[in-house]
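User: I am new to this protein and would like a close look at one pocket and the parts around it. Please keep it plain.

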Amino acid sequence: MSRLPVIVAQGGVSPAGRTSGFHGYRRLVLECLSDWSQHETLAALRTLRNLPQDSSREDILSGTLIRQLENNLFNPQAIAFHQAIQAESGSEIILKGRRLPNPLPDGWQLEKLEDGQIKVKIEGGQPLMIPSIRESLVNAAGQLPSGFAPEKLYQSRNHPRSLTMTVFGASDAIYSSGMDWPAVKQKLSPEQVAVYSGSAMSQLDFNGNGGLLQSRLLGKRVTSKQCPLGFAEMSADFINAYILGSLGGTGTNMGACATMLYNLEQAVSEIRSGRRRLVIVGNSEAPITPEVMEGYSTMGALTTDAALRKLDGLSDSDHPDWRKACRPFADNAGFTIAESSQFLVLMDDELALECGAQILGSVADVFINADGFKKSISAPGAGNHLTVARAAALGRAIAGEDALRYRSFVQAHGTGTPQNRVTESQILSETAKVFGMESWPVAAVKSYLGHSIGAAGGDQIMATLGVWKHGFIPGIRTINGLAEDVYSENLNILLNHLESGVDQMDLALINAKGFGGNNATALLLSPEITRKMLKARHGDKAMTQWQQKNETVTQQQDDYEQRCQSGEANPIYQFGEGVLDGSDLTFTEKQVNVPGYGKALDLEMENPFWPFNR
């Protein structure tokens with residue numbers, strides 16, 4: 001019997017705000033919530049944004065979600081580049097002697113002047129690169145809330161942006177679990193823990209791979225940090241080294257826009273098999289750089305200001321509605337790039353009960369399929385048909401046909417591109433017909449948050465767990481209707497928020513379609529279904545004991561929330577603390593004891609390939 005991967009905590013930060021406390025979700029459906037819930041989330045956003053106590057609701061909300069690109073990362077009105085020009089034969093320039101290139105270009109004739117200057121006469125013409133600036137063609141993005149600077153919350157030492165977001169996001173998940181982590185580690189051996197986290201595009205700002213590639217061309221030196229901190233799996237490395245102190249499994253699985261679900265699949269597979277008992281899984285992506293945005297817009301994948309104006313019939317002098325830049329399943333022109341950091345804490349069902357952990361839901365499985373032969377490597381293909389069908393079939397097998405037909409919904413990939421609106425809607429419509437869904441609710445939270453590439457699946461999961469807490473499925477509020485080529489039969493593509501109730505949706509399908517043929521669909525089970533499964537498996541006594549232990553966990557969660565609201569909750573960053581080497585371990589031929597873990601690493605292994613035996 002498979003162990004059940006239970007979601008016991010979530011954390012992170014997105015354009016909607018802090019993930020813990022369900023605040024990121026609440027921002028999406030804020031107007032539907034009680035006055036007290038709205039007050040709490042406005043306070044959480046105000047604190048995150050470092051705004052004064054008397055800030056108005058409008059001021060607090062204005063710096064969230066998709067909006068006009070700000071200048072905290074770069075100036076979109078003055079993006080630096082080198083303009084190629086041709087110096088004509090006979091041109092002259094004056095240089096400082098120490099600025100002369102070595103070797104000299106062909107055709108340069110030098111004449112010494114006073115004060116160490118050199119006159120250069122160019123014979124035969126010379127191509128030159130002149131520093132210049134240009135305006136961005138794209139000015140809409142899903143940026144983290146205005147004023148939030150994760151690098152200022154700890155000693156970041158020139159860390160790439162996505163790694164500073166990792167430190168915040170993973171800390172948020174661990175703190176919000178409400179558990180005593182040293183006590184949890186006493187129940188485990190090192191190999192029973194794993195961290196799967198990374199970035200689909202690696203760290204591409206100047207402190208990472210961006211600077212590694214740019215420095216020499218900009219006349220600067222490459223630093224000792226840019227290369228190692230640019231690795232895509234560095235998010236997991238930071239969690240192991242500075243947050244969790246884990247010696248267990250580690251790494252990341254990259255799958256373009258499905259990367260979060262690829263990492264989740266590995267975590268779920270290993271928990272179900274019993275190989276791991278506790279896994280931190282997530283992704284952190286910071287792709288808002290001029291180079292990435294230019295790359296996607298050149299592909300025709302990213303919506304430009306000009307395309308938005310054309311959609312809305314505006315003149316060239318009008319500002320487009322940047323808030324509504326992402327329009328899934330409507331007439332649209334491309335996706336809106338975003339940054340996000342999302343993390344989940346997963347435990348097997350037995351450990352979750354033993355720890356009194358909060359039960360936010362569970363992950364039944366994640367299905368991954370490639371597209372097969374392709375004409376265009378970035379075009380959608382057949383694989384996503386398979387992943388959605390498999391997830392729906394498993395949901396039916398676990399919860400029953402009625403649950404799938406009447407108590408399930410979809411968090412669509414919903415990028416806002418013309419290709420996606422057709423292909424994904426066709427997949428969902430066909431699946432609904434085959435499995436008997438008459439009006440399958442479909443949400444697309446990229447309409448609020450934008451597309452955070454590898455972390456996008458985490459944004460969708462964050463919004464799903466919120467549905468089971470507060471009972472509203474976010475509608476697509478950036479569109480007025482569906483495009484004519486969208487398949488809508490048997491679907492309820494939500495144009496407005498849908499009140500589902502906190503216990504009316506048993507199943508959720510999280511869908512992702514990545515460039516290159518990286519398709520993944522996760523099946524999530526609601527907290528109610530999860531608790532019923534735990535009761536059936538472990539009995540009433542175990543559930544009563546869990547409930548008693550959960551009271552302490554809930555109190556710890558409340559304490560963390562209060563610290564966050566008052567601005568007193570700093571990320572975990574244990575630099576140089578608790579460092580172990582071989583001399584700290586106790587070896588025998590049967591086990592290895594590691595400080596901090598209550599159980600030894602077992603070296604008495606059975607031959608997995610029996611009956612082979614030399």
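Which elements each supply at least two residues of the lining of the second largest pocket?

Analyst: This is a predicted model in which local features need pLDDT of at least 70 and side-chain atom pairs count only at pLDDT 80 or more, while totals for chains, interfaces and linings use all residues. Residues are numbered from 1 along each chain as its sequence is written, and side-chain values use heavy atoms, with hydrogens and water left out.

At least two lining residues each come from β1 (5-14), α1 (23-28), α2 (35-48), α16 (456-470) and α17 (527-565). Helices (H or I, at least four residues) and strands (E, at least two) are DSSP runs, numbered from the N terminus. Helix α17 gives the largest share of this lining, 12 residues. The second largest pocket holds about 820 Å³ of space, the volume filled by probe spheres set on grid points joined across faces, edges and corners. A pocket is an open set of points on a 1 Å grid over the protein atoms alone, where a 1.4 Å probe fits, with protein on both sides within 12 Å along at least five of seven lines; lining residues have an atom within 4 Å of a point. There are 33 lining residues, and G21, F22, Q358, K469 and Q557 are the closest to the centre. By class, the lining has 13 nonpolar, 12 polar and 8 charged residues (Ala, Val, Leu, Ile, Met, Phe, Trp, Tyr, Cys and Pro count as nonpolar, Asp, Glu, Lys and Arg as charged, the others, Gly among them, as polar).

Helix α17 also packs on α4, at an angle of about 140 degrees and with the axes 9 Å apart. Axes are lines fitted to C-alpha atoms, for helices over the stretch in contact, and angles run from 0 to 180 degrees between N-to-C directions. The two helices α4 and α17 are therefore oblique to each other (not under 35 degrees, roughly parallel, nor over 145, roughly antiparallel, nor 65 to 115, roughly perpendicular). On the α17 side, the contact (heavy atoms within 4.5 Å) is made by Q557, Y560 and R563, and on the α4 side by D172, Y175 and S176. These contact residues divide into 2 nonpolar, 2 polar and 2 charged. Q557 thus appears in this contact and also among the residues closest to the centre of the second largest pocket.

Helix α4 (residues 161-176) has another partner, α7 (residues 234-244), at about 55 degrees and with the axes 10 Å apart. The pair α4 and α7 is therefore oblique as well. In α4 the residues L163, T166, V167, A170, S171 and I174 meet M234, S235, F238, I239, I243 and L244 of α7. This contact has 9 nonpolar, 3 polar and no charged residues.

Helix α4 also bears on the largest pocket, whose volume is about 1,200 Å³. Its lining has 46 residues, with A80, F206, Q214, L218 and E291 nearest the centre. Two or more lining residues come from each of β4 (79-87), β8 (126-134), α4, α6 (209-214) and α9 (290-299). By class, the lining of the largest pocket divides into 20 nonpolar, 16 polar and 10 charged residues.
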